[in-house]
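This report walks through one model, going from its sheet to its core, its loops and its nucleic acid surface. Please keep the sequence and the structure in view while reading.

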Amino acid sequence: MRRMKIATWNVNSIKARLDHAIAWLKEASPDVACLQELKCEDQAFPAQAFEDLGYNVLTHGQKTYNGVAILSKMKGEDVSRGLPGEPEDSQARYLEAVFADGPRAIRVASIYLPNGNPPDTDKFAYKLRWMDRLRAHACELLKLEEPLVLAGDYNVIPQSLDARFPENWTGDALFRPESRAKFREIANLGLTDAVRQAYGDEPNLYTFWDYQAGAWQRNNGIRIDHLLLSPQAADLLVTARIDKHVREWERPSDHVPVLIELK
DNA sequence: ATGACATATGAGATATGA
């Protein structure tokens, strides 16, 4: 069967990053691309530019903050917007759909997990609640026993290995023991971290470099963008890669794309 | 210690990010 490429990328404003998004799609040609931090509402999303490249567009947008999308060469089915479990939650951080490629169907979610800083505020409590809701929902989806890819900006550094200078992140919501424990709880439902599956304990695998203090030039990076795979999806994993060269482009996002290939 | 730097909003300064 034809291989399928699935990607995730926090673009930090789709309007500011439109040229980069187009250039990267042309170069990487993912079948499904999950985007985060659109920072625009659905009607303002530049859908036509992506449709011109042959992509179907699904968005769950929000003004100024958050916002997630899925671009796909196949039409999405069974689309759902928002993460179950907290009806009053109005932040646009979750979008899910099923993409069929001939006889094969893969369920994909685009996830923008809350940052949670500063950790002594409601923002951190919201992050942890959101992770509990994600675990509960992932638990339901795993019962389907189908290929499933939960892709996005998790805002969690899973291990010290995933930071160039882990000591800089002590106490940060991205590296707090509570955040890492909840990330493990989700993974331990039986989900495979695609990049770690592909690269083992290799160091220097980062997806984010801060704009400030020359973080990119010093390779002061962290790995916080992840693709978690159900067992049925993990069986299909061929390769994973981090397109870090995109961070060299002019006026880049602070995150770079992560891409997997399924057989 | 704080800010650095980037983005959106909206027209100056503030909120948010990680």
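How many bridges join E8 to strand E12, and do the two run parallel or antiparallel? In this predicted model, E8 and strand E12 (residues 225-229) are joined by 5 bridges and run antiparallel.

## The open sheet

The two strands belong to an open sheet of 6 strands, in which the order is E5-E6-E7-E8-E12-E9 and the pairing is mixed. Strand E5 (76-81) and strand E9 (192-193) occupy the edges, and because each has a single partner strand, one side of each is left without a neighbour in the sheet. At the E9 edge, 2 bridges link E9 to E12 in an antiparallel arrangement, and Thr 192 has Leu 229 of E12 as its bridge partner.

On the other side of E8, strand E7 (residues 104-112) runs parallel to strand E8 (residues 148-153), and 6 bridges join them. The register of this pair can be followed from Arg 107, whose bridge partner in E8 is Leu 148, to Tyr 112, whose bridge partner in E8 is Asp 153. Between E7 and E8 the chain passes through H3, and the resulting β-α-β crossover is right-handed.

The antiparallel pairing of E8 with E12 can be read in a similar way: Leu 150 has Leu 228 as its bridge partner in E12, while Ala 151 stands opposite Leu 227 in E12.

## Burial of the inner strands

Both E8 and E12 are mostly covered, with 6 of 6 residues buried in E8 and 5 of 5 buried in E12. In a regular strand the side chains alternate between the two faces of the sheet. Strand E12 shows this division, in that Asp 225, Leu 227 and Leu 229 point one way whereas His 226 and Leu 228 point the other way, and all are buried.

## The nonpolar core

In soluble globular proteins, nonpolar side chains tend to be buried together. Here the largest nonpolar core has 74 residues, and the members that touch the most others are Ile 6, Leu 35, Val 108 and Val 149. Strand E7 gives the most to this core, contributing 5 residues.

Val 149 illustrates how separate parts of the chain meet: apart from residues up to four places away in sequence, Val 149 touches Ile 6, Ile 106, Val 108, Leu 227, Leu 229 and Ala 233. Ile 260, in strand E14 (residues 258-262), is another buried position, and Ile 260 is classed in this way because 26 other C-beta atoms lie within 10 Å, where 20 or more are required. With neighbours within four places in sequence set aside, the contacts of Ile 260 are Ile 6, Ala 194, Leu 227, Leu 237, Thr 239 and Ala 240.

## Loops and backbone geometry

Most residues other than glycine have a negative phi, and most peptide bonds are trans. Against that background, Asn 117 and Pro 118 are joined by a cis peptide bond, with omega about -5 degrees, and Pro 118 is placed in the loop between E7 and helix H3 (122-142).

Two residues have positive phi values without being glycine. For Glu 145, in the loop between H3 and E8, phi is near 55 degrees, and the residue is exposed because 10 other C-beta atoms lie within 10 Å, a count that falls under the limit of 12 or fewer. Asn 204, found in the loop between helix H5 (194-199) and strand E10 (208-209), has a phi of about 65 degrees and also counts as exposed, with 12 C-beta neighbours inside 10 Å.

Ala 16 lies in the loop between strand E1 (4-10) and helix H1 (18-28), where Ala 16 is partly exposed, with 14 other C-beta atoms within 10 Å. Computed along the sequence, Ala 16 and Ser 253 are 237 residues apart, yet their C-alpha atoms are 8.8 Å apart in space. Ile 260 and Ala 16, by contrast, are 244 residues apart in sequence and 25 Å apart from C-alpha to C-alpha.

## The surface near DNA strand B

DNA strand B is surrounded by 23 residues, of which the closest are Ser 13, Asn 115, Tyr 211, Gln 212 and Ala 213. The residues of this surface comprise 8 nonpolar, 8 polar and 7 charged ones.

Definitions and conventions
Residues numbered from 1 in each chain as written. Chains lettered and ligands numbered in written order. Predicted model: local features only at pLDDT ≥ 70, side-chain atom pairs only at ≥ 80, totals over all residues. Near = placed C-beta within 6 Å. Nonpolar A, V, L, I, M, F, W, Y, C, P; charged D, E, K, R; others polar. Pairing = 2+ DSSP bridges. Helix = DSSP H or I, 4+ residues; strand = E, 2+ residues; numbered from the N terminus. Core = buried A, V, L, I, M, F, W, Y, C linked by C-beta atoms within 7 Å. Contact = placed C-beta atoms within 7 Å. Right-handed = clockwise from strand over helix to strand, strands pointing away.
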